[in-house]
Amino acid sequence: MIRAMDLKGKVVVVTGAGSGIGRIAARDLAKAGAHVLAIARSEARLQPLVDEVKAQGGSVQPLACDMSVLSAVREAAATISAAHAQIHALVNNAGLWADQQRVTPEGHDETLAVNALAPHLLAKLLLPQLRAAKGRIVNVASEEHLNGDIHWDDLSLKGRYSPRRAYRQSKLILTMLSIAMSEREPDVQVNALHPGIVGTKLFRNFPRFIQFWINLLMRKPQDGANVLTWHVHSPEMGGVTGKFYSRYKERRPHGLALVKESRERLWGMVEKLTNAS
Ligand SMILES: NC(=O)c1ccc[n+]([C@@H]2O[C@H](COP(=O)([O-])OP(=O)(O)OC[C@H]3O[C@@H](n4cnc5c(N)ncnc54)[C@H](OP(=O)(O)O)[C@@H]3O)[C@@H](O)[C@H]2O)c1
């Protein structure tokens, strides 16, 4: 657990902060002294977090942003960078396991947009502030990426969609981009992680009996949140970059993530899709 005041004076951005492990991580980071910029679809979804943090005497700013819409991500990044010269950590936690394919107004598969394109774009747009603080980017990926593949000619999976395929691919993309960004950014630490299998609403579209067992047997949300906060603050992670972690331990990522040529090809494609450079 983090000690009180560990993060005094630090600015931390957390996406998906309205529910699940992101909400608990945001609360705990604020409790540890950080000024937390909490992002969720709407300010209403963040109100319980804001009330709880304020009651603890902590500092939190709610920001509404639908992460499936890249123009909204740009707006959120502009708001943050106008107000802060330094950002000590960006926790790219928002994510979804969809029930069916949805195409965003900008023409991307929703899972691809939320789980991979938006975290990449947000990180790129906040790089000046992250560099200034020698900060950390904590990309919440998943061990599911190990079973994924990149559909090079169809990242939005228009011809061969399944929720599982989309989720796995999106987390593989996020892991590959983490390594690619770490190679470009010597002053920022960039890592991807798996928080454990945690009983949250991520599995809301699974059959009911599977949800029942997940909630009963899997890790509790606080446990998953502890992994996120550890990656933000732990001295052990000082200087570590370009790695995939399963909770607190480094783990070998998918083979594709280890091939520079594949990472660079993907980087180029995602840069085009996000118009990030
Ligand atoms: N739980 C696990 O076992 C597990 C395992 C591996 C990886 N992960 C990853 O951990 C992260 C957190 O997941 P969780 O388990 O805490 O599940 P969760 O409770 O479903 O949390 C996901 C968060 O992402 C937000 N989100 C989804 N789509 C969004 C959008 N378009 N715009 C803004 N926010 C959006 C959700 O907001 P709403 O509340 O508004 O939907 C929610 O706050 C995810 O990236 C997930 O893939 C979880």
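**Helix 4 against helix 9**

I began with helix 4 (residues 110–125) and helix 9 in this predicted model, and I found that the two pack at an angle of about 80 degrees, with their axes 10 Å apart. Angles of 65 to 115 degrees count as roughly perpendicular, and helix 4 and helix 9 are therefore roughly perpendicular to each other. I then listed who makes the contact: Leu117, His120 and Leu121 come from helix 4, while Val270, Leu273 and Thr274 come from helix 9. Sorted by class, the residues of this contact are four nonpolar and two polar, with no charged residue.

**Helix 6 against helix 9**

I turned next to helix 6 (residues 163–184), which packs with helix 9 (residues 260–274) at an angle of about 100 degrees, the axes being 9 Å apart. Helix 6 and helix 9 are therefore also entered here as roughly perpendicular to each other. On the helix 6 side I noted Ile173, Met176, Leu177, Ile179 and Ala180, and these meet Ser262, Arg263, Glu264, Leu266, Trp267 and Val270 in helix 9. By class, I recorded eight nonpolar, one polar and two charged residues for the contact of helix 6 with helix 9. I marked Val270 in particular, as it is listed in the contact with helix 6 and again in the contact with helix 4.

**Ala123**

I stayed with helix 4 and looked up Ala123, which is found in that helix. Is Ala123 buried or exposed? A residue needs 20 or more other C-beta atoms within 10 Å to be called buried, and Ala123, with 23 C-beta neighbours inside 10 Å, therefore counts as buried. Setting aside residues up to four places away in sequence, I found that Ala123 touches Leu90, Asn92, Ile137 and Met181. I also checked Val91, which lies 32 residues from Ala123 along the chain, and the C-alpha atoms of the two are separated by 9.4 Å.

**Asp66**

For a loop position I chose Asp66, placed between strand 3 (59–64) and helix 3 (70–83). With 20 other C-beta atoms within 10 Å, Asp66 is buried. Leaving aside neighbours within four places in sequence, I found Asp66 in contact with Arg41 and Ala72. As a further distance I took Leu146, 80 residues from Asp66 along the chain, and their C-alpha atoms are separated by 27 Å.

**Around the ligand**

Which residues are the closest to the ligand? I counted 26 residues surrounding the ligand, and the closest are Gly16, Gly20, Gly95, Thr200 and Leu202. Helix 1 (residues 20–31) gives the most to this shell, with three residues. I divided the shell by class into eleven nonpolar, eleven polar and four charged residues.

**The whole chain**

I closed with the overall figures, beginning with the secondary structure, which comes to nine helices and eight strands. Along its principal axes the C-alpha trace spans about 50 × 45 × 35 Å. The radius of gyration is 17 Å, which agrees with the value near 19 Å that a compact globule of 277 residues would have. Of the 277 residues, 50% count as buried. Finally, I looked at contacts between residues at least 6 apart in sequence, and 73% of these join residues at least 24 apart.

Definitions and conventions: Residues numbered from 1 in each chain as written. Predicted model: local features only at pLDDT ≥ 70, side-chain atom pairs only at ≥ 80, totals over all residues. Near = placed C-beta within 6 Å. Helix = DSSP H or I, 4+ residues; strand = E, 2+ residues; numbered from the N terminus. Nonpolar A, V, L, I, M, F, W, Y, C, P; charged D, E, K, R; others polar. Axes fitted to C-alpha atoms, helices over the stretch in contact; angles between N-to-C directions. Parallel < 35°, antiparallel > 145°, perpendicular 65-115°, else oblique. Contact = placed C-beta atoms within 7 Å. Rg over C-alpha atoms; globule rule 2.2 N^0.38 Å. Buried ≥ 20, exposed ≤ 12 C-beta atoms within 10 Å, placed from the backbone.
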